[in-house]
Amino acid sequence: MRTLKNASAPFAIASITLILLLLIILTSNVILRASDEDARRTSTARTLTNLNPESQPDLFFPLTPGTWWLYRGTVRWTDSETNKPAAAPASIKMQVERVIQKPEFTIAIISGFPADVGWSNGQVDPKPSLLIETRNHEVFLDELPPDFDYAKLEKDARSLDKFLSPENLLFRWPLKKGMKFGDPESVQRPDDRYCWVVATQGKKSLKEIQGAPLKPLEVFLLQFVTAPEDTQMELSPGIGILSYQYHHHGTVADTSLALVEFHPAQPPATSSGAKP
């Protein structure tokens with residue numbers, strides 16, 4: 001019996017040693033798997049950060065065909081029969097109808113700019129306009145005639161020259177308070193009139209706008225003041241126009257619109273394979 005007890009002692013020690021080795025191996029595998037998982041999470045977090053849709057946009061306006069904005073507000077005018085001021089609710093839908101890409105420009109044909117509501121009783125048909133952003137982030141706007149030949153935009157680059165004049169320049173971004181845009185003579189005026197001026201800048205919550213981000217965004221007030229009238233637009237990068245105000249200083253003609261819905265369209269999917 002004594003011999004059996006002495007022989008079992010080394011066996012017991014060997015068994016304990018084997019168990020400890022197995023525990024060390026299992027623990028090491030768990031640590032390695034945890035490290036791999038942490039590395040994957042870190043890599044995923046970096047990827048999500050790079051793909052954050054609220055990062056600095058490539059274009060100030062989301063110029064993707066199908067994107068639309070809905071504005072609602074009021075208009076006031078002088079009734080021709082009573083010669084007294086009248087008012088009515090107004091609304092207009094602005095939509096990107098078509099986009100033409102050029103090496104130096106992004107050209108968007110839009111319908112229903114807020115200014116279309118001006119000098120009306122609130123019942124208006126959307127008009128076509130051309131919204132152009134250059135590689136240098138200059139944004140131009142010009143109303144188009146109903147019979148405009150859109151094929152020229154794709155075939156003849158020289159047809160854009162008249163639309164890219166300083167008089168049609170809305171702004172150049174990044175925006176900063178005090179910046180001016182327009183023809184050189186007007187920009188040099190000390191009274192900040194007859195040109196677009198960034199009057200204010202700050203943060204603003206857009207939670208009341210359907211489709212807008214919930215967190216506060218950078219907002220700029222762009223205004224154009226002359227002797228007979230003044231126009232104001234609130235702008236936010238990645239969304240566009242948040243509000244539009246027009247006031248005539250003589251005969252009553254006022255427009256006040258605010259963005260209530262924002263519906264950005266998804267950009268077309270790009271093919272990763274080689275083209276045939």
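1. Let me start with the cut-off that matters for one odd residue: a residue counts as exposed when its relative accessible area is over 50%. The model you are looking at is predicted, so please read each point below with that in mind. By this cut-off Trp119 is exposed, because its relative accessible area is 53%. This tryptophan lies in the loop between β3 (105–111) and β4 (128–134). Its backbone is worth a look too, as Trp119 is not a glycine and yet has a positive phi of about 55°.

2. A second backbone point of this kind is Asp192, a residue other than glycine with a positive phi near 60°. You will find Asp192 in the loop between α3 (184–187) and β8. How exposed is Asp192? Asp192 is partly exposed, its relative accessible area being 32%.

3. Do check the omega angles as well. The peptide bond leading from Trp173 to Pro174 is cis, with omega near 10°. Pro174 belongs to the loop between β6 and β7 (180–181).

4. Now to the overall layout. The model has an open sheet of 12 strands with antiparallel pairing, and the order runs β6-β5-β4-β3-β2-β1-β12-β11-β10-β9-β8-β7. Which strands stand at the edges? They are β6 and β7; each has a single partner strand, so one side of each is left without a neighbour in the sheet.

5. Some of the pairings can be followed residue by residue. Strand β8 (residues 196–204) and strand β9 (residues 217–225) are antiparallel and share 8 bridges; here Gln201 stands opposite Phe220 of β9. On to the next pairing: β9 is joined to strand β10 (residues 229–236) by 6 bridges, again in the antiparallel sense. Those two strands make a hairpin, with 3 residues between them, and Gln223 has Gln232 in β10 as its bridge partner.

6. Elsewhere in the sheet, β4 and β5 are antiparallel partners over 5 bridges. Ser129 has Glu143 of β5 as its bridge partner. A general reminder for anyone tracing side chains here: in a regular strand they alternate between the two faces of the sheet.

7. Next, the interior. The largest nonpolar core contains 54 residues, and those with the most contacts inside it are Phe61, Trp69, Leu130, Phe171, Leu175, Met233 and Ile239. Strand β2 (residues 85–101) supplies the largest share of this core, with 5 residues. Phe61 makes a good place to zoom in: setting aside neighbours within four places in sequence, its contacts are Trp69, Leu131, Glu133, Val139, Phe171, Gly240 and Ile241.

8. Aromatic rings deserve their own point, since you may want to inspect their geometry. There are 8 aromatic pairs in the structure. One of them is Phe148 with Phe163, an edge-to-face pair at 5.7 Å centre to centre with 80° between the planes. This pair links distant parts of the chain, 15 residues apart: Phe148 is in the loop between β5 (138–143) and α2 (151–155), and Phe163 is in the loop between α2 and β6 (169–172). Are these two phenylalanines buried or exposed? Both Phe148 and Phe163 are buried.

9. Two further ring features round off the list. Phe60, Phe61, Phe171 and Trp173 are linked into a cluster by ring pairs; Phe61 and Phe171 also appear among the core residues with the most contacts. Finally, the charged end of Lys93 sits over the ring of Trp68, 4.5 Å from its centre.

How values were computed: Residues numbered from 1 in each chain as written. Predicted model: local features only at pLDDT ≥ 70, side-chain atom pairs only at ≥ 80, totals over all residues. Heavy atoms only, no water. Core = buried A, V, L, I, M, F, W, Y, C linked by side-chain atoms within 4.5 Å. Buried < 20%, exposed > 50% of the residue type's maximum accessible area, 1.4 Å probe, protein only. Helix = DSSP H or I, 4+ residues; strand = E, 2+ residues; numbered from the N terminus. Contact = heavy atoms within 4.5 Å. Phe/Tyr/Trp six-rings, centres within 6.5 Å; stacked < 30°, edge-to-face > 60°. Lys NZ or Arg CZ within 6 Å of the ring centre and 35° of its normal. Pairing = 2+ DSSP bridges.
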